[in-house]
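Please open the model in your viewer and keep the sequence panel beside it. The tour below proposes one selection after another and states what each contains.

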Number of protein chains: 2
Amino acid sequence: LAIRAEHTRVACAQLAPVLGDADGNRLRAAQAIQDAAGLGAELVVLPELCTSGYAFADAAEARDCAEPIDGPTVRAWTELARRRAIVIVGGICELDADGALRNTAVVVDRRGLRAGYRKTHLWGREPLIFAAGEVPPPVIGTDLGQVGVAVCYDAFFPEVLRGLAVRGAELIAVPMNSPVEGPPLQPLAAELVLAIAAAHVNRVFIAQADRAGEERGIEWAQASAIVAPDGSLLAGPLTGTQLLMADCELGLARSKSIGEHNDVLADRRPELYGEAAQPTPTTKETVL
Amino acid sequence: LAIRAEHTRVACAQLAPVLGDADGNRLRAAQAIQDAAGLGAELVVLPELCTSGYAFADAAEARDCAEPIDGPTVRAWTELARRRAIVIVGGICELDADGALRNTAVVVDRRGLRAGYRKTHLWGREPLIFAAGEVPPPVIGTDLGQVGVAVCYDAFFPEVLRGLAVRGAELIAVPMNSPVEGPPLQPLAAELVLAIAAAHVNRVFIAQADRAGEERGIEWAQASAIVAPDGSLLAGPLTGTQLLMADCELGLARSKSIGEHNDVLADRRPELYGEAAQPTPTTKETVL
């Protein structure tokens, strides 16, 4: 019988991997995981594609950094997860059994690989390199609680985070590589606004690990953050290579009540949301 | 042939109606509409229940302020809309044909009453007073563009604003009465974070009109704001009885592109969102 501690120490590692240096990036990731565990972290979230880098010139370059789902990264993380009794969520460049490249987030704990989630909403030039996932993101029962996963642009789709919350996620881990596009929103970067809004309307914790560093002219939003179910920012944002940490009472996310009389999931009216499931807008009325 | 101007001047009137003083509140609302039109506003958004007040002790008290959908408020707004060639969106306490009370937002333009939308997500004690709407919120083709409507707590449900965007809304008008519950989020009130996030992920304008004043101990968030499709805050928040205004190029909301390669509606994967349509969470895995 494992005792579920009241608080879970959550860490997000904002890393600066070097494009194409898979071995070096694995060492950097392992070091961040060990640093976090040394500070008591029980759940460590790492960025998207954190062992390969992001700004591939083409698929061939990505393929050079790719690995099978049970490759060296997951083996190293499994070893660390067992030794430190922690849960690790982070992104790898996956070469799947059919030879396709996938932008994949893995969940590893003391039992080993618990899930590989292939990003379902691809950003920018990613479709030139990766095949999009065909399966919604998972919610994994861990020693710490129910952990959901989404990857970067996935979190731009409220449907994704809502779905994870409806399926019981208490914390949603979001590996990301969020490039800066244009001037930042004031007073908070868009990536933080979206995380706060999603946490607030779903009453879940969100732990997102973004990138630091620079890659082929890409500047990163450095939007790593840990957000509580009431929408309060528990950690982040910070600039540079950083470890963000917060103690999260994950059980709080099992209550969806807001105010005295409301419940953000029970109050939904799914019978009225059918239109949102249509993939294309209806024809617009023309104004004459 | 009406020319669609490149910019639409949008106003949100943050009002302080007096509970139960329907005639006085209609005068206050009419004055705000005229002030806004005098400043060139073409679309005026007023708060939820702006002719009745909000903090009813019981249904009987609400019934005293209620009116049919074609009652004195809509008649007054139709007259103003015709005279000034404007669009008005605001909330009334509706007595429906079956004698039920409804928390209703109306859209009025030079053609008269275009829509009455009955709030579908009721907050707090509202279910003791109002019957919830059974129909999703509308998108109305106006001279200015496609105007969607949601009322206050509706906007807590990303499905609602997403549905309006999918159905072609360029601007979503949100009459609201948002009570302060606990300490505000830093650095932005939750109501603003949600509006910015919804505008950003749907690439729509959002114009929300909240309350000022005080009612039976309720303090209002005063979260009136006008937000652009890139998530930037064009106007608000302000404290007190205020008119917020911004010139909005509504046509911008017809493009859903973000970055060079993406489109926030076309990139959706509705076939993967089915779980979100389930009204109750799946059974949680128990951690032992």
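Two strands are said to pair if DSSP finds at least two bridges between them. Helices (H or I, at least four residues) and strands (E, at least two) are themselves DSSP runs, numbered from the N terminus. This is a predicted model, in which local features need pLDDT of at least 70 and side-chain atom pairs count only at pLDDT 80 or more, whereas totals for chains, interfaces and linings use all residues. Residues are numbered from 1 along each chain as its sequence is written, chains are lettered from A and ligands numbered from 1 in the order in which they are written, and side-chain values use heavy atoms, with hydrogens and water left out.

**First stop: a hairpin in chain B**

Select residues 101-109 and 112-118 of chain B, which are the strands β4(B) and β5(B). The two form a hairpin, with two residues between them. Their pairing is antiparallel and extends over six bridges. Within it, Thr104(B) faces Arg118(B) of β5(B).

Now add residues 87-95 of chain B, the strand β3(B). Eight bridges connect β3(B) with β4(B), again in the antiparallel sense. Here Glu94(B) is placed opposite Arg102(B) of β4(B).

**Second stop: the sheet around the hairpin**

Widen the selection to the whole sheet. It is an open sheet of six strands in chain B, in the order β5-β4-β3-β2-β1-β14, and its pairing is mixed. In general, strands of a sheet pair through backbone hydrogen bonds, either parallel or antiparallel. At the edges stand β5(B) and β14(B) (242-248), each pairing on one side only. From one strand to the next, the twist averages 25°.

Which strands does helix α1(B) touch? Show residues 22-38 of chain B: α1(B) packs on the sheet and touches β1 (8-14), β2 (43-45), β3 and β14 of chain B. Contact here means heavy atoms within 4.5 Å. The direction of α1(B) makes about 40° with that of β14(B). For such angles, axes are lines fitted to C-alpha atoms, for helices over the stretch in contact, and the values run from 0 to 180 degrees between N-to-C directions.

Next, show residues 72-84 of chain B, helix α3(B). This helix lies across β3, β4 and β5 of chain B and runs at about 15° to β4(B). In the loop that follows, between α3 and β3 of chain B, is Ala85(B). Ala85(B) has a positive phi of about 55°, although it is not a glycine.

**Third stop: the other six-stranded sheet**

Move to the open sheet of chain B with the order β6-β7-β8-β9-β12-β13, which has six strands and mixed pairing. β6 (139-141) and β13 (233-235) of chain B are at the edges with a single partner strand each, so one side of each has no neighbour in the sheet. Neighbouring strands are turned by 25° against each other on average, direction ignored.

Select β12(B), residues 225-227, together with β13(B): the two pair antiparallel over two bridges. The bridge partner of Ile226(B) in β13(B) is Ala235(B). Continue into the loop between β13 and β14 of chain B, where Pro237(B) lies. The peptide bond joining Gly236(B) and Pro237(B) is cis, with omega about -5°.

**Fourth stop: loops of chain A**

In chain A, go to the loop between β8 (171-175) and α5, which holds Pro187(A). The bond from Gln186(A) to Pro187(A) is a cis peptide bond with omega near -5°. Then select Gln222(A), in the loop between β11 (218-219) and β12 (225-227) of chain A. Gln222(A) is not a glycine, yet has a positive phi of about 55°.

**Last stop: the largest cavity**

A cavity is a set of points, on a 1 Å grid over the protein atoms alone, where a 1.4 Å probe fits but cannot get out; lining residues have an atom within 4 Å of a point. Grid points are joined across faces, edges and corners, and a volume is the space filled by probe spheres set on the points. The largest cavity has a volume of about 220 Å³. Of its 19 lining residues, select those closest to the centre: Pro158(A), Ala197(A), Ala198(A), Pro158(B) and Ala197(B). The elements giving two or more residues to the lining are α4 (158-166) and α5 (190-202) of chain A, and α4 (158-166) and α5 (190-202) of chain B.

How values were computed. 1 Å grid on protein atoms, 1.4 Å probe; cavity = no way out; pocket = protein on both sides within 12 Å on 5 of 7 lines; lining within 4 Å.
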